[in-house]
Structures are given as structure tokens and as C-alpha cells.
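Trainee: Can we go through this model together, starting from the middle of the sheet?

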Amino acid sequence: MPKRLSRAFDFIALCLMASTAWFFAGCAFAVEVVGSSTQAKGRVLVAFSTSKGSTGEVAETIASEIRSAGWEAEAVNLNDVHLPEEFNHVILGGPVYYGKIREIKAFVEKYEEALRDRLTGAFAVGMAFAVDDEEQIAAGRKALDDSTAPLRPAHLGYFAGRIDPGKLSLLEKAAIKMVKSPVGDFRDWEETRAWAREVVKSLDQ
Ligand SMILES: Cc1cc2nc3c(=O)[nH]c(=O)nc-3n(C[C@H](O)[C@H](O)[C@H](O)COP(=O)(O)O)c2cc1C
């Protein structure tokens, strides 16, 4: 091969090697940057119970707000939670029915040990919080306290709920009529998000 041609090949080979090295260096940098920006602060479980769906949407809103603050957060139905110890923090929420939040109570009894250091917050959803009646509000608050006892989460949320007559049985309709409960969707999404931001502030400390 003529010497000139061989030098030209050497030059091309050198250029190729240099550009390959730059390419891989660039990829490594990109992986580093992407990796660090998606690194969550920790895992938060928002576990909820629901009968007609409204509490699930409140839980989703709370989880979404927590994610916005850089945490990994998911809203999961209590029935699908088997290992709360896989999370750094747990928030429990449930609807009040006939003065009680039974599913939360059962969940706390079952996982008390795991929840002791993890239960950061709990919330109740009910129509008691949609009316201006101290007695009813106190009963709704008591339902949440009773369901989380003996644990005492630092943050407690009380949210007005939703009654959709189309989703009620005849018996439920009669019960609602008897207690003169308001009917409709009284959920306040800004109030829900503000509560989630309060909780997340304490997680960041
Ligand atoms: C039969 C029935 C009983 C209820 N009992 C109460 C109650 O004792 N206290 C309360 O605050 N809300 C009560 N509610 C309102 C629910 O807590 C509210 O509709 C809630 O948003 C339902 O949540 P879910 O859609 O997740 O099931 C009752 C609703 C129904 C239909």
C-alpha cells in the first residue's frame, strides 16, 4: 500500500476511535444525569379503603402531590397491600360508614408492628365533614382516631366525601334519608393537595 494511503487510513481510524470514545462518554454522562434526576427521596404508600370509589380518588390526589415533591408514592387499595414494610412512610385513608372506618382498623390491627415507625398520616372521608355541625364533625374525627388506635399518626386529614345516589342500595338510600345527609360531591381538591403538602414537608425534615 502506498505510504500516503496508509497514513490516510490511520487518520480515519484515529478519528473513528476518538468519536466512539466521545459517544460513550456522552452516554455515560446522560445516564448519570437522568439517573440522578429520577432518584426518589423514598417510597410512600397511600393505602386506602373504599366502597363507592370516592376515597380512592382522594388517595390518588394525595399520592400525586407527594410525587410532585420528589418522593415515589403510590395509592393502593388496602386489600392489595401485603408488605407495608417495603415503604419508608405509610398514609392510611378510609371512608366513614355508620360512624366507623372498619377496614382501616382491621389493617392497623394486622400490621401494627410494621406501621409503628411508618404511619405518618391518616385521613377520613365522610359527609360529617361537609356539614356545619360540631357534633357530627367530632364523631367523624373519633372514627379516625378509633380506627388508627393505638397508633397516633402525626398528620390527620378530614375530608368531605361524595354520595352518588345512583351507587346506593335501597337500604343505604333509606339510611342517608334518615340522617338527612347531604347528597352530592363535596370533595375539595385544593384542601386535599394542601394537606398532602403539609405531610410531605414533615417527611423532608
Ligand atoms: C350508608 C352510608 C352511611 C354513611 N355513614 C356515614 C357516617 O357515619 N359518617 C360520615 O361522615 N359519612 C357517612 N357516609 C358518607 C360516606 O363516608 C361518603 O359518601 C364517602 O365519600 C364514601 O366513600 P367511598 O366512595 O370511598 O366509599 C355514609 C354513606 C353511606 C352511603
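**Sheet and ligand shell**

Mentor: Leu 92 has Ala 122 in S4 as its bridge partner. Bear in mind that this is a predicted model, where local features need pLDDT of at least 70, side-chain atom pairs count only at pLDDT 80 or more, and totals for chains, interfaces and linings use all residues. Residues are numbered from 1 along each chain as its sequence is written.

Trainee: How many bridges join S3 to S4?

Mentor: Helices (H or I, at least four residues) and strands (E, at least two) are DSSP runs, numbered from the N terminus. Strand S3 covers residues 89–95 and strand S4 residues 119–126, and they run parallel. The number of bridges joining them is six.

Trainee: In what order do the five strands of the open sheet lie?

Mentor: Two strands pair if DSSP finds at least two bridges between them. The pairing here is parallel, and the five strands form an open sheet in the order S2-S1-S3-S4-S5.

Trainee: Then which are the edge strands?

Mentor: Look for strands that pair on one side only. Those are S2 (72–77) and S5 (155–160).

Trainee: Which element gives the most to the shell around the ligand?

Mentor: Of the 23 residues around the ligand (C-beta atom, placed from the backbone, within 6 Å of it), Thr 55, Pro 95, Gly 126, Ala 128 and Gly 161 come nearest. The elements that give two or more residues are H2, S4, strand S6 (162–163) and helix H5 (170–178). The one that gives the most, with three residues, is H5.
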